[in-house]
Amino acid sequence: MDYIVMMPAAGSGQRMGAGYNKLFLMLGNKPILIHTLEVFEKDPACKGVFLAVKQEEQSEIQAVLDQYKIAKVSRFVNGGSERQYSVAACIESYDGDDIVLVHDAARPFIHQAVITELVRTAAKYGAAIAGVQAKDTMKLAPLGVVEETVDRETLWIIQTPQAFQIKVLRKASNQAKSDSFLGTDESMLVERLGYPVRIVESTYDNVKMTTQEDIVFGEILLERQRK
Ligand code: C5P
């Protein structure tokens, strides 16, 4: 089933400490951004990618896309000061009715099978997000003192992609905007409207490149892919 991607790529990468947008950092012989885009470049079901970028980085990003022959980026959108606003700008610029897959540009190791299952589930039920079960013992401690040990069997660590019927995502995004609600993912916006959101089991290697350790892990994953 066909889908389009809304990809936030307008971060500053402060936690990476590179001094510039971490998506330009090399992983193996290509920038992180290119690894992520290549997943969608190879998927015939992906009809296009809306890329939210900082305006001042657009020409540099275009040059990198040309260099690596990425053809699926169908639109640049001006990113916002928060990730949610970058995605909202993509939603506002879209008037089609395809399934929308929101995926962080900083997650290059997403598997095709997970994408396919997310799109299928969202088409059927409205909203589907990628996640993995918590492996560690999990405790609730809002003030640094344990209040409760939460049964980890019930806890999921949530990633992107997150897939939605556009009407569900648009409604949730508009409502968040009018309530000035800021969430950490799109699912939160949908959940607060009372829509059920289904979890599709993903893989532990779908890490977000956030700090320097993630780059080290990413290099190991790339090495594994080459074998
Ligand atoms: O900073 P973090 O890695 O959590 O951001 C997740 C994704 O959202 C990244 O791909 C980043 O480029 C993007 N982002 C954005 N606009 C922002 C902040 C982050 O598009 N204002």
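Which residues have the most contacts inside the largest nonpolar core, and how many residues does that core have? It has 55 residues, and the ones with the most contacts inside it are Ala52, Val100 and Leu101. Strand 4, residues 46–53, gives this core its largest share, six residues. Before I go on, please keep in mind that this is a predicted model.

Let me start with the sheet. It is an open sheet of seven strands, and the order across it is 5-4-1-6-10-7-11, with mixed pairing. At the edges are strand 5, residues 73–78, and strand 11, residues 198–201, each of which pairs on one side only. On average, neighbouring strands in this sheet are turned by 25° against each other, ignoring direction.

Now strand 6, residues 99–102. Its side chains alternate: Ile99 and Leu101 point one way, Val100 and Val102 point the other way, and all of them are buried. Two of these names came up a moment ago, since Val100 and Leu101 are among the residues with the most contacts in the core. What does Val100 touch, apart from its neighbours within four places in sequence? Its contacts are Tyr3, Ile4, Met6, Ala163, Phe164, Ile166 and Leu169.

Strand 6 has a partner on each side. With strand 1, residues 3–8, the pairing is parallel and runs over four bridges. Within that pair, Tyr3 sits opposite Ile99. With strand 10, the pairing is antiparallel, again with four bridges. Here Val102 faces Gln162 of strand 10.

Strand 10 also has an oddity in its backbone. The peptide bond between Thr160 and Pro161 is cis, with omega about 10°. Pro161 belongs to strand 10.

Moving along the sheet, we get to strand 7, residues 127–133, which pairs with strand 10, residues 156–165, in the antiparallel sense over six bridges. Ala127 is placed opposite Phe164 of strand 10. Strand 7 also pairs with strand 11, this time in the parallel sense, over four bridges. One bridge there joins Ile129 to Ile199 in strand 11. Is strand 7 enclosed or open? Five of its seven residues are buried, so strand 7 is largely enclosed by the rest of the structure.

Next, helix 3, residues 83–92. This helix lies across strand 1, strand 4, strand 5 and strand 6, and runs at about 145° to strand 1. Helix 3 is mostly covered, with eight of its 10 residues buried. Those eight are Arg83, Gln84, Ser86, Val87, Ala88, Ala89, Cys90 and Ile91. What covers them? The cover includes strand 1, strand 4, strand 5 and strand 6, and also helix 5, residues 166–179, and helix 6, residues 186–191.

Ser86 brings us to the ligand. There are 17 residues around the ligand, and the closest are Pro8, Ala10, Gly11, Ser86 and Ala105. By type, the shell divides into seven nonpolar, six polar and four charged residues. So much for the ligand.

A few loop positions remain. Ala45 is in the loop between helix 1, residues 32–41, and strand 4. Ala45 counts as partly exposed because it has 15 C-beta neighbours inside 10 Å, and a residue needs 20 or more to be buried. Beyond its neighbours within four places in sequence, Ala45 is in contact with Met1, Asp2, Tyr3 and Val119. Val119 is 74 residues away from Ala45 along the chain, yet their C-alpha atoms are separated by 9.7 Å.

Which residues have a positive phi although they are not glycines? Lys69 is one, with phi of about 55°. Lys69 is located in the loop between helix 2, residues 58–67, and strand 5. Lys69 counts as exposed because it has 9 C-beta neighbours inside 10 Å. Ser180 is another, with phi of about 50°. Ser180 is in the loop between helix 5 and helix 6. With 6 C-beta neighbours inside 10 Å, Ser180 likewise counts as exposed.

To return to the opening question, the core of 55 residues has Ala52, Val100 and Leu101 as its members with the most contacts, and strand 4 supplies its largest share.

Key
Residues numbered from 1 in each chain as written. Predicted model: local features only at pLDDT ≥ 70, side-chain atom pairs only at ≥ 80, totals over all residues. Near = placed C-beta within 6 Å. Nonpolar A, V, L, I, M, F, W, Y, C, P; charged D, E, K, R; others polar. Core = buried A, V, L, I, M, F, W, Y, C linked by C-beta atoms within 7 Å. Buried ≥ 20, exposed ≤ 12 C-beta atoms within 10 Å, placed from the backbone. Helix = DSSP H or I, 4+ residues; strand = E, 2+ residues; numbered from the N terminus. Contact = placed C-beta atoms within 7 Å. Pairing = 2+ DSSP bridges. Axes fitted to C-alpha atoms, helices over the stretch in contact; angles between N-to-C directions.
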